[in-house]
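Welcome, and thanks for taking a look at this one. Here are some notes to read with the sequence and the model side by side.

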Amino acid sequence: MFCTEWTDGVAQGPVEAGLADGDLGGAHRVCPMTSVGLTPGVYAIIEPENLYGRILATGTLTGSWAATDKLELYARLEGVRMDMLISAISTSAIGPGYTALGASWRGVEGASWALAVQGKVVLPTAFLHDEHGAPVGADAGVQFVWAPKDVLLVHAALMPNVGFAAGGGPLYPRGGVNLDLGAEWRAFKRFSFVLDGISGFGRTDTLDHAGVGVGFRGGIGEHAGLALESRVPLAGRERALTAVDIRFDWRF
Amino acid sequence: MLTLLSLLGCDGPACLEGDTSCLMPSPCQEIAYTCEGGSTEAYWIGPDDTPPGGMDTLAATGDLVLANDRIVAVIEALDHPHYIAPTGGGILDLGIRGKDNDSLRQVFQATGLLPEEGFHYTSMELLEEGDIRAVQLLGTLDGYPDVPVATRYEIRPCEPGLRIRTEIANGTPDALSMYLTDAFYWGSREIIPFTPRAGSGFTHPSFGLSDIGDAFFDVPFMVGGLHSDPAASYGVVACSEESLNGFQSDNVSAMGPRPRVFPSRDWDVYERFIFAADGASISGAADLAWELREQLWGEAWATVSGVVEAPGGVLGENLRASLLLVDENDVPVTHVLPADDGTWSARVPANRSYTIHAEAFGREVSTATVKVGAGDADAGTLTLPAVGEVSIDVLIDGASDYAVVNVIPADDATAAATEGTVFGFFNACAPMLGLTHGGSPSCNRVIVNGPTTIALPAGNYDFYTSRGPFSTLGAARGVAVEAITGQSVTLEVTSLDLQPAGTLTGDFHVHGGASFDSNMPDEERVKAFVASGLEVVVTTEHDVVNDYAAAIDALGVADRFTLLAGTEATGHLLFRYRSDYGFPQVVGHWMFWPVAYDPTAPWRGAAYDEKAEPGLLMTRQEDVGWDKAGGVVQLNHPYGGAAFGRDYSWATAMGIDQTLPLDREGSSASQGLYFHKPEGARYSNDAYDVQEVMNGTLNENLIQYRSFWHYLLNQGIVRGGTANSDSHSLVENVLGTPRNVVFTDTTRADFDAAAFNADVRAGHVMGTNGPVLVASIGTNTPSVASFAPAEGDVLHVEVSAAPWVPVTEVRVIVNGTTHTYTELAEPADPFGMDTLERLGLDIPLADLLPAGAADAWIVVEAGTPLAEQADLDCNGLPDTGDNNGDGEIDWHDVEELTEDPGVDCYDVVGPLAEPPEPERDSPEWIFRTVTPGGYPMSFTNPFLLDRDGNGTWSGPGLP
C-alpha cells in the first residue's frame, strides 16, 4: 500500500499553502503520521493600481497523531500572524492566528488507491486581528488517492466548506467547495515534486479561484522533512499573487 | 476580553445587516448635561426656512437641522454631497444658537484617504425619541458595497454638540486597512486645528501622501478654531476610545480610533462627541473638551484665569494678544484670546504647572508660570510690550476712498523685530498686523476708507498703496512708529491716463469667504473690490456661487463696480478617467460665469462638480441654467501642483507631452483627453472659451501657462488668454493683479454682460499687472479671429505704464520664436507722474514672419526679462530654472536631485526659477511693494495671420 512506501520525512498530500485562513477548504494527506512541524508562510496581494497590498506572514505550529493506521488527528496553530496592509494609510497587526483542528480517515482502500474522509474546524483565535468579529469555519470532504506507480501518487479532493462570523456582528455565512486535482512524483528517495490544479467555488464568488499548486519536498534522514510549497491563483476572485509555505516537519 | 464580550453579543452593531428598520443605540451614554429649559428640534429645511448663518454656511432646502438650546447643526441631504464626501450625510454647518457663526466646512466619515473609502449613505431617517432627536444614516463604503456602514447623529437638550455613533463591518473576503475617522475638511486658510500633545498645540508635522503615516498621533481630543469673528470653535472627543488618533493640517484633520487591520467579517463601532463653542480661537472648544474628558474618563480640570495688559493697544482683536498654556510636560493644553479688557480664563487639567506663552502680533513676547491645583487658579497680570498706533488715510485723486495699504518695514532691524506668523501657520509677515487670511488688517496689509487707525509694534515703516496699475504709487516712507504715541500717514494717489479707451478692466478669478479656502468676510472682500479699481469683478467661489449682494448694499458701493457671479468647479473626488494612468485624479479647476446665485440651493446655484471631465462639467452647469453660448468657461491655471493628490490643473492632470500633437480623435489617454467627449456630456473637453495665461500676483507659473497656450496655437487650437489674480484674501494674491483689459463697446454705465462676455470669448483682452500694451496690424487687433495680412503690413506696438512699473523689454513672439526690443523710456521718479509712454514701435511683418505662406500667430508681451527655464524631462514643458545661478540649467538646479541621473530626460525636475530678488529701492523692488513677489508683465491675445488666404487658420504646427 502506498502509505507504507512513503514513510520517511518527505511530506505527502496536496499542496497545503493556504489561500484561506486556517487553510479552510484545503485537503490533507491521507496517510496518517505522527509529527510536529513549523511552517513559516507568506500570502501576498500586490495591486499598485488599487493602492492595495497585503503581506500576511504566518508562523504555524503543526502537530499530528496517527491514532490508527487509517486515522490521523491533527492541529494547526498559527503562533504568529503578522498582517501588513499597504494602502494610502498602511496598517499592520501581529498576534496569534487561527487554529485548525482536523481529522483524516482513510476509510476505503485498495492495493493502489484509497478514499479518505477529511474535515477540520477553524477556530477564531486571532484575537489581536479580529477585534470584534470571530470567524469560525469548517470543512468536510473526501480525497481520493491513486498510485499508478510506486513513485507517483495522483490525488483528487473535494472539500465543501462553510464559515460564519460569531461575535455579535453580521454573521456573513459563506459556503463553497474546493476541488483540487494533482499528482506527487517521488523523483528520488528523499525528494518529491507535487503539482496540483486548484479551484474553489461559491465561497466568495462563483469562482473563488482557479490555479496551480506546486511543491518541492525533501527528506532529511528518516524523520525530518523540508518542503517549499506554493499556491498560485490564476483566475477567480482571489486577489493573491501567491501563498508560499516552507514546512519543517519531524516525523516520529 | 472584547472578543469574549462580543461573543456574548454585548454592544454589537445594530444596523449592518441590511435591515432598514434597525435602530442604532444612543451613543456616549457616559455623557450627561443638564440645564433648565433645554430643548431640541429637528426639521428638514424648506424653501421658506432661514438656515443658520455664518461665513461657511451651506445649508440648503432639503438638508436636515438638528438643534437644541445651545447649538444648531445641519446634516446635508443625501443628494447634496459636498467636497470630498461621495454622498450627503455629513455635518455641513455647526454653530451656536442665535449667533449665526457657522465656521465649519464639513465633517464626514471615511475609512481612509482613497475615494472608495468614503461613506456612501443610501438612507437617512429622522428619529424622535422623547426629547432626543437623531438622524440615522445607512449605506456602504463608496467603493465597497460589501462594507456596510451606519451612522447616528443625536442631539439632546443642553448639550453643546452631537453624539455620534458609527458602525461598520467588513463584508469583503479581504482584509482592509481601516482608519475609521471623521474627516474635518477645513479647506485651508481658515480653521487651524489644535491638539494637546507634547510639542504640538497648533504645530503639526507637514506630510504628503507618501509619508502620512508619520503624521498620526494619539491625542485626548482635537479642537479647531476660526480666529476671526463671527467665529465658532469645534472639537471632538471619543466616547468609545480613551484617545483619538489622526493627523492635522489646515486642509483636513482626521480623528478616529487608531488605524488597524480590518479582517474580513470583523466589525467595529466608534462613538464620539463633536461639539461647538462660541468665539474665536480654540479655548471655547478646549474648555468643553476638558469637561467631556472628565465625564468620560475622570480627568479633573480646573479653571485658570488672569489679566493681560498691553499699553498702547486694545486687546481682543485676533492677533493683538493671545495666550498659549503649556504644561510641565511640554503639552500645550489650550489657547486663549483675552477679552477687550484683558481678562481671560480657560480650563486646564488640574494639578499641573503651566507656562503661559503670551503672543502679540504673531510673536511670542513674554512668558509667565502658574501652578494649578485641584481648584481654580489665578495667573495674575501679564504685561505685554507697548505698541504704537498709526492713523492711515489714502486720498484717491484728492478724496478719501477705499485702498489697500501695504505696511513694510523700512529697515532690516524692524523686519527682524516684527516678523510673525499665525501660531506657526501660513506664511510669515512683517509686521503681522492681523490674521494672514482674515479681514483687515491682515498680515501686513490694511484696508482703509478715510483715516483708519491700526496698532503697530514700534519700528520704522514704509506705507504703499495704489489704485491698481493705472495710478501713481502712494507712499510714505521711513515713518518712525514709537510705542504709546500716535502717528498719522496720508498717502496720495492720482489716477493716470493709462487705460486704453474703449476698455473695461476685469478680474475673472476672485474668492471670498464662501470659498472653502478663504476666510475673507464678504464686506472686507467688497471693500477690496473697490480698492482695486476694477470695473468688472467676476466672483468665482470654489464649488458655490456668491453674489455679495448684502455686503454691497451694506457698504453702499453698488455703483463702484459691476459684479458677475460665477463659480470655480474644483475637483475633490478622485476618479479614473485617464486610460494611460494608474491612479484616480481630478480635472483641475474650471471657471463658469455668469451663474445665477440661489441661496436655497445646495451649491448656491452651481452644478455638482465632482467626478466629471470638463465637457461634462459644462453640460451639468448648463443644466442648472448657465448659458453656454452667452457665458464664459475658462480653463484656470493649466499647470500646477496638487493638494492631497488633487491636481489643481487640467494640463498637468492630462499629462500632455508638448513634443507630440494632440489626438484629435479624443481618446481617454493623455494626448486625447483634450478633445475627449465624456459619456453623458454634450460637449467635449476642449469646448472652453479662454484660458488663464497669467494667474496670481506672484505669477510663478506664467512660463508653463503660456507654454500650453502657445502649444495649442501652434496646432491651430485658439482660445483667448486671460490674466487673473486668483485672490483669496488680502495677502496671497492682490485682487486685480493681474487683471484683464477688455476691449469692448459696453460700458459700466450701460453694462451689457453678454457683450462683455462675447469680447472676452473673442480674445479682445490684454492681460497685465502693470504695463499697458496696445498692438495692432493695420486695422486688426488681437483676437481669436484670423485675418489675411496685407502686403507691407506692420505690427504697431505702444507701451505705456505708471512710473512705478518698470518695463524694460517688449517681446514679439511669432510661432513660438521671440524677438526682443529693449529701447524703452525709463521714468526718473517712480513716485511721480511722468514718462508714461515707454515705447512706440512699428515692425514690418516681413521682418517677423518666417518665409513662405504658412499661417502664423503673433503674441506681444511687455515687462521685464523672464527668468530662463529649461525642459529637463523632455515633454516640451519648461520645468526647471537656473536655480543655482551658475548660468547653466542642469541637474544641479533640480531640487530633488543630489547626483547626475546620467540620462538625457530626467524623472524629477523643477522648480522653475523666478526673476532675481530685486535690491531694496530698485524699480523692481518698488513695483513689488504693491505687487508682492511679482514682476511686470503684460501680453496681448494673438494675431492669427491667415497668410495663405484660404479663410481658415490652421496654425503653423509644432516645432
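**Notes for a first look**

1. A good place to start is B:Val405. Leaving out residues up to four places away in sequence, B:Val405 touches B:Ile392, B:Val394, B:Arg445, B:Val446, B:Val448, B:Phe463, B:Thr465 and B:Leu491. Please keep in mind that this is a predicted model.

2. B:Val405 also belongs to a wider picture. The largest nonpolar core holds 273 residues, and B:Val405 is listed with B:Leu66, B:Ala73 and B:Ile858 as having the most contacts inside that core. Strand E19 of chain B, residues 267–278, gives the largest share of this core, with eight residues. A second core, separate from that one, has 14 residues, among them A:Cys3, A:Trp6, A:Ala147 and A:Ala227.

3. Next, the place where the two chains meet. Chain B brings 33 residues to the contact and chain A brings 31. On the chain B side, helix H1 (2–7), strand E10 (176–178), strand E18 (260–262) and E19 each supply at least two residues. H1(B) gives the largest share of that side, four residues. What is the chemical make-up of the side of chain B that touches chain A? Its residues divide into 18 nonpolar, nine polar and six charged.

4. Chain A can be followed from its N terminus. Chain A has one helix and 13 strands, and the order begins with the helix, with the strands following. The radius of gyration of chain A is 18 Å, close to the 18 Å given by the globule rule for 252 residues, so chain A is as compact as a globular protein of that length. Its C-alpha trace spans about 55 × 30 × 30 Å along the principal axes.

5. Two further values describe the inside of chain A. Of its 252 residues, 49% are buried. Among contacts in chain A between residues at least 6 apart in sequence, 56% join residues at least 24 apart.

6. Chain B is easier to read domain by domain. Its domain assignment gives domain 1 (39–295), domain 2 (300–383), domain 3 (389–493), domain 4 (568–769) and domain 5 (771–867 + 914–959). The centres of domain 1 and domain 3 of chain B, taken over C-alpha atoms, are 39 Å apart. Where these two domains touch, seven residues of domain 1 are in contact with eight residues of domain 3. The domain 1 side of this contact divides into two nonpolar, three polar and two charged residues.

7. For a closer look at a single residue, try B:Leu141, found in strand E7 (residues 132–141) of chain B. Is B:Leu141 buried or exposed? B:Leu141 counts as buried because it has 27 C-beta neighbours inside 10 Å. Beyond four places in sequence, B:Leu141 is in contact with B:Thr111, B:Glu116, B:Glu117, B:Phe119, B:His120, B:Val147 and B:Val149. One of these, B:Glu116, lies 25 residues away along the chain, yet the two C-alpha atoms are separated by 6.5 Å.

8. Finally, a strand pair in chain B. Strand E20 (residues 301–309) and E23(B) pair in the antiparallel sense over seven bridges. Within E23(B), B:Val348 is the bridge partner of B:Ala302. Strand E23 (residues 343–349) is mostly covered, with five of its seven residues buried.

Conventions: Residues are numbered from 1 along each chain as its sequence is written. Chains are lettered from A and ligands numbered from 1 in the order in which they are written. This is a predicted model: local features need pLDDT of at least 70, side-chain atom pairs count only at pLDDT 80 or more; totals for chains, interfaces and linings use all residues. A nonpolar core is a set of buried Ala, Val, Leu, Ile, Met, Phe, Trp, Tyr and Cys residues joined through C-beta atoms within 7 Å. A residue is buried if 20 or more other C-beta atoms lie within 10 Å of its own, exposed if 12 or fewer, and partly exposed in between; C-beta atoms are placed from the backbone. Ala, Val, Leu, Ile, Met, Phe, Trp, Tyr, Cys and Pro count as nonpolar, Asp, Glu, Lys and Arg as charged, and the others, Gly among them, as polar. The radius of gyration is taken over C-alpha atoms; the globule rule is 2.2 Å times the number of residues to the power 0.38. Domain bounds come from an automatic or database domain assignment. Two strands pair if DSSP finds at least two bridges between them.
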